[in-house]
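Welcome, and please load the model in your viewer. We will go from stop to stop, with something to select at each one.

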Amino acid sequence: MSAIEIKYFNSFVLKKTVNNVTSGNAAYKPVFPGLPNNPADYPNFEANTGATSDRNWIIEEARVRGGYNNTATSYGPRAYLVENSNEQSVRVNALIYSGVYNSRTDLNETNVFSVGEEITKAVDPNYGSIQKLHALDSNLAIFQENKVSNALIDKDAIYSAEGSGSVTSTRLVIGQITPYVGEYGISNNPESFAYHGYRRYFTDKYRNAVMRLSRDGLTEISQYGMSTFFREEFAKINSNFKEFTFTGVIAGSAATPPKLTVNPSSDLVNLEKGMLVSIPQTSGSPISVTIIGIVNANILYLSNDPGTPAVGQNATFTKFIKDRLLGGWDIHNKNYVVSIQDKSEDTITPDTYSTLSFEDDLNGWTSFYSYEPKFVGSLKSKYYSFYDADIYEHYDQSPNHIRSTFYGVTSNSSIEFIFNANPSIIKNFKTVNYEGSNGWQVESFLSDAEGFDLQSSAQQQYNDSAKLVRSFDEGLYTESGVPYRAGFNRKENKYFANLINNSVARPGEVFFGDATTGIKGYLATVKVSTDTTTDLGGLKELFAVSTEFVVSSR
């Protein structure tokens with residue numbers, strides 16, 4: 001390093017006035033704005049060669065006109081910001097808000113975050129990250145993994161200072177944060193959130209609970225007869241992403257547009273947009289592309305040209321999946337619907353799910369459904385669900401609509417309940433009766449289990465069960481031109497049938513199975529379902545089911 005001699009009184013040096021370019025004076029551009037564009041006018045203090053490439057410095061005097069006592073130059077007023085660290089900071093337990101937006105005056109400061117104002121608000125980090133925010137009137141519900149809190153928003157808060165009688169009013173965007181009573185949160189499943197009116201619903205996987213937040217605070221609605229069910233089902237849910245891979249045999253490809261034809265290797269294969277595809281090449285490394293469209297079951301549009309893969313080779317398909325606790329509001333029935341979805345990581349083990357609904361008027365879980373939605377929600381008076389990028393309307397009342405059909409698959413509707421009158425008496429259930437529409441059958445009629453008996457070094461448990469009770473139409477048969485009913489018969493618009501025993505022989509029994517009528521037990525679990533022929537897809541109503549029993553003589 002060499003010293004720079006300054007020949008001017010009370011002056012200072014500004015460095016790097018021009019770029020160091022050697023292609024001629026015309027190519028020189030001053031770095032500092034406002035400087036002349038001719039580098040030949042700049043004195044050279046760095047070297048004495050006279051070459052224009054050395055002119056990287058310029059002299060300015062510190063005094064006006066260079067006088068000894070004249071006014072000195074200064075920085076003048078400066079706008080500056082002091083930051084101890086300019087590194088990115090992720091605060092999972094804090095809120096931040098921007099400037100205001102007013103559509104009437106075209107004022108939009110949503111991209112303004114002034115650090116000179118109090119624009120952040122933090123909650124207790126011990127309760128985990130913030131997963132969901134929901135504003136209702138002038139209150140903001142803050143859902144953390146392990147806590148639910150309430151914050152005042154956009155209102156004047158009046159408070160008195162401690163130890164003083166003075167009253168102060170302050171206007172805050174986010175005011176005081178008050179936690180709700182109860183150690184409950186939304187875990188890592190904000191997709192379970194739904195609301196209607198002043199009630200909000202969500203799941204807490206960590207505590208095996210389904211929660212309701214209303215004016216009276218937090219209520220664990222999963223305890224209404226379903227605590228064991230949710231404990232077992234939530235234990236299957238994994239919060240981490242899973243990698244799902246399978247192979248398909250390449251049948252052909254085309255470069256314009258990028259397209260690939262494959263033969264799925266399994267009936268359980270579910271091709272979706274966004275999946276990664278690793279395509280082998282005749283030479284070199286495999287090419288990775290993404291599915292951006294699906295024509296049918298095996299023709300895929302890709303994100304770029306796959307080249308010319310060899311026909312007959314295996315392509316590897318990969319997607320990342322996650323178990324879900326999906327929630328939504330059914331405005332038609334006014335129920336909270338939750339779907340517990342356990343995703344499989346292979347093509348052998350099928351996905352498992354349970355979709356059920358909760359009704360506030362009954363404070364109970366009313367129905368299980370045979371559909372697995374990707375998203376559910378209500379609009380006006382309609383309830384919708386999404387599946388494979390298609391939207392479906394539920395409770396369609398059109399004449400040609402087939403009931404109990406979800407996503408093109410028709411299933412039987414069923415109701416399961418328990419007969420348990422006089423619970424301390426062993427009964428013999430003789431008949432089953434119901435009031436309602438034609439087309440119902442008794443799919444199962446099962447007594448409670450007796451204790452285990454040791455038989456041939458194996459424990460054997462016995463139940464009494466009845467044969468299938470066919471519906472009014474399906475049980476019809478004729479003998480010698482005379483019609484008979486093998487199931488329900490109808491009299492005065494009420495359906496009734498005898499119960500035929502279908503149990504295995506117990507030790508010491510002489511008559512068993514269809515040689516006897518009725519089933520014995522303290523209680524009976526009954527499943528009534530629609531048949532497969534009577535007015536298929538039509539309206540079926542069931543008002544009441546009853547049974548006739550006598551005290552068992554055993």
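How many helices and strands does the protein have? Colour by secondary structure and you can find one helix and 41 strands. Keep in mind throughout that this is a predicted model.

**The whole chain**

Start with everything shown. Of the 554 residues, 33% count as buried. Switch on the surface: the protein exposes about 33,200 Å², and carbon and sulfur atoms supply 49% of that area. If you display contacts, take those with a separation of 6 or more; residues 24 or more positions apart account for 57% of them.

**The barrel**

Next, select β15 to β20. These six strands close into a barrel, and going round it you meet them in the order β15-β16-β19-β18-β17-β20, with antiparallel pairing. From one strand to the next, the twist averages 45°.

Zoom in on one pair of neighbours, β17 (residues 276-279) and β18 (residues 287-294). The two run antiparallel and are joined by four bridges. Pick I279 and look across to β18: the residue opposite is I287. As background, strands of a sheet pair through backbone hydrogen bonds, either parallel or antiparallel.

**A nonpolar patch**

Now bring the surface back and select F241, L276 and F320. Together they form a nonpolar patch on the surface, with about 350 Å² of accessible area. F320 is found in strand β20, which covers residues 314-322. Is F320 buried or exposed? F320 has a relative accessible area of 52%, so it counts as exposed, the cut-off being over 50%.

**Salt bridges**

Hide the surface and show the charged side chains. Side chains of opposite charge can pair when their charged atoms come close. The count here comes to 12 salt bridges, and we will visit some of them.

Select D360 and R212 to begin. Their closest N and O atoms are 2.5 Å apart in a salt bridge. This pair links distant parts of the chain: D360 sits in the loop between β23 (352-359) and β24 (364-369), while R212 belongs to strand β13 (residues 209-214), 148 residues apart. Both D360 and R212 are buried. Add R199 to your selection, and you have a network of salt bridges that links R199, R212 and D360.

Move on to D342 and K242, whose side chains meet in a salt bridge at 3.4 Å, N to O. Because D342 lies in strand β22 (residues 335-342) and K242 in strand β15 (residues 241-254), the pair ties together parts that are 100 residues apart in sequence. K242 has 8% relative accessibility, so this lysine counts as buried.

The next pair to select is E372 and K343, a salt bridge with the closest N and O atoms 2.9 Å apart. Here E372 is in the loop between β24 and β25 (375-379) and K343 in the loop between β22 and β23, with their positions 29 residues apart in the chain. Both E372 and K343 are buried.

**A serine in a loop**

For the last stop, centre on S465, in the loop between β34 (458-460) and β35 (476-479). Why does S465 count as buried? Its relative accessible area is 18%, and buried means under 20%. Which residues is S465 in contact with, leaving aside its neighbours within four places in sequence? Select F445, L446, I500, N501, N502, S503 and I519 to see them around S465.

Notes
Residues are numbered from 1 along each chain as its sequence is written. This is a predicted model: local features need pLDDT of at least 70, side-chain atom pairs count only at pLDDT 80 or more; totals for chains, interfaces and linings use all residues. Side-chain values use heavy atoms; hydrogens and water are left out. Patches are made of residues with over 30% relative accessible area and no salt bridge: like charges are joined within 9 Å, nonpolar side chains (Val, Leu, Ile, Met, Phe, Trp, Tyr) within 5 Å. Accessible areas come from the Shrake-Rupley method with a 1.4 Å probe; for residues, only the protein chains shown count as cover. A salt bridge is a side-chain nitrogen of Lys or Arg within 4 Å of a carboxyl oxygen of Asp or Glu. Buried means under 20% relative accessible area, exposed over 50%, partly exposed in between (1.4 Å probe, protein chains only). Two strands pair if DSSP finds at least two bridges between them. Axes are lines fitted to C-alpha atoms, for helices over the stretch in contact, and angles run from 0 to 180 degrees between N-to-C directions. Contact means heavy atoms within 4.5 Å.
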